[in-house]
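Here are a few exercises on how helices pack, with the solutions worked through. Grab the viewer and try each one before reading on.

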Amino acid sequence: MLQTPSGGAGHGTAATDSGLMSIGTVLNVLRDEFPEVTISKIRFLESEGLIEPQRTPSGYRQFSADDVERLGHVLRMQRDHYLPLKVIREHLDAIERGEAVQLPVVGRQRDGEAVVEVSEAPTAARIGRAELLEAAEICERELEEWEAYGLIAPLPDGAYDAEAVTVASLVSELGRFGIEPRHLRVMKAAADREAGLVDQVVAPLKRHRNPQTRAHAEARTKELAVLTVKLHAALVKTALGVRLP
């Protein structure tokens with residue numbers, strides 16, 4: 001098994017009974033350490049030969065624990081060492097051959113100065129409809145139903161925000177307990193109200209003339225979003241009278 005630096009993705013608990021994971025599950029696991037990772041990024045790394053997930057008869061990707069560990073290693077080398085994919089591939093091959101190798105601290109050198117590598121992978125946090133269906137392991141009919149209830153909505157260009165994968169996976173999981181999409185409309189309405197409250201708070205910052213102040217609005221939005229989600233979770237736990245991790 002490939003040995004990775006400290007800070008692994010902690011993927012063991014996300015595996016299915018067969019020990020294999022869908023690309024949507026892998027995305028959620030990796031996001032704990034790599035918040036900016038996207039399905040497009042994972043697919044790109046596969047196309048570059050850095051991982052080779054199995055395929056189901058219907059063509060869906062199935063990732064092993066070793067695949068996820070390898071992905072984490074690749075992303076860590078890009079993030080911490082600014083290495084291009086060619087160097088990362090050579091490094092992984094050397095490790096698998098049992099060779100002792102040491103990573104450089106920075107990327108390539110140009111005129112004696114360190115140069116940060118620009119990622120070759122797509123960075124936009126959005127996916128296509130087919131990718132969403134594959135990641136969430138759902139059919140077209142299910143997605144259409146969820147869209148009809150407003151649980152998932154495409155962007156103006158027809159693509160989807162990467163967070164749609166998380167929403168689809170959770171809706172699917174809740175369905176296993178008999179909770180249908182129509183039951184979730186109240187959750188969607190509550191989420192819209194909470195988002196509206198956050199927007200109301202940051203609106204003055206977004207309208208400010210100073211570009212730095214407008215940029216600060218995005219950071220404030222993220223901070224408020226985290227607090228809102230935590231409060232919502234705490235209130236649900238209190239209402240149900242349960243203790244959760």
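**Exercise 1: a crossing**

Work out how helix 5 passes helix 7: the crossing is right-handed (the near helix is turned clockwise from the far one by less than a right angle). Before going on, note that this is a predicted model, where local features need pLDDT of at least 70, side-chain atom pairs count only at pLDDT 80 or more, and totals for chains, interfaces and linings use all residues. Residues are numbered from 1 along each chain as its sequence is written, and side-chain values use heavy atoms, with hydrogens and water left out.

Step 1. Helix 5 (residues 129-136) and helix 7 (residues 163-175) pack at about 40°, axes 9 Å apart.

Step 2. Helix 5 and helix 7 are therefore oblique to each other (neither under 35, over 145 nor 65 to 115 degrees).

Step 3. Leu132, Ala135 and Ala136 of helix 5 touch Ala164, Val165, Ala168 and Ser169 of helix 7 (heavy atoms within 4.5 Å).

Step 4. Sort the residues of that contact: six nonpolar, one polar, no charged.

**Exercise 2: another pair**

At what angle do helix 1 and helix 2 pack?

Step 1. For helix 1 (residues 23-30) and helix 2 (residues 39-47), the angle is about 110°, and the axes lie 10 Å apart.

Step 2. Helix 1 and helix 2 are therefore roughly perpendicular.

Step 3. Ile23, Val26, Leu27 and Leu30 of helix 1 meet Ile39, Ile42 and Arg43 of helix 2.

Step 4. By class, that contact has six nonpolar, no polar and one charged residues.

Conventions
Axes are lines fitted to C-alpha atoms, for helices over the stretch in contact, and angles run from 0 to 180 degrees between N-to-C directions. Helices (H or I, at least four residues) and strands (E, at least two) are DSSP runs, numbered from the N terminus. Ala, Val, Leu, Ile, Met, Phe, Trp, Tyr, Cys and Pro count as nonpolar, Asp, Glu, Lys and Arg as charged, and the others, Gly among them, as polar.
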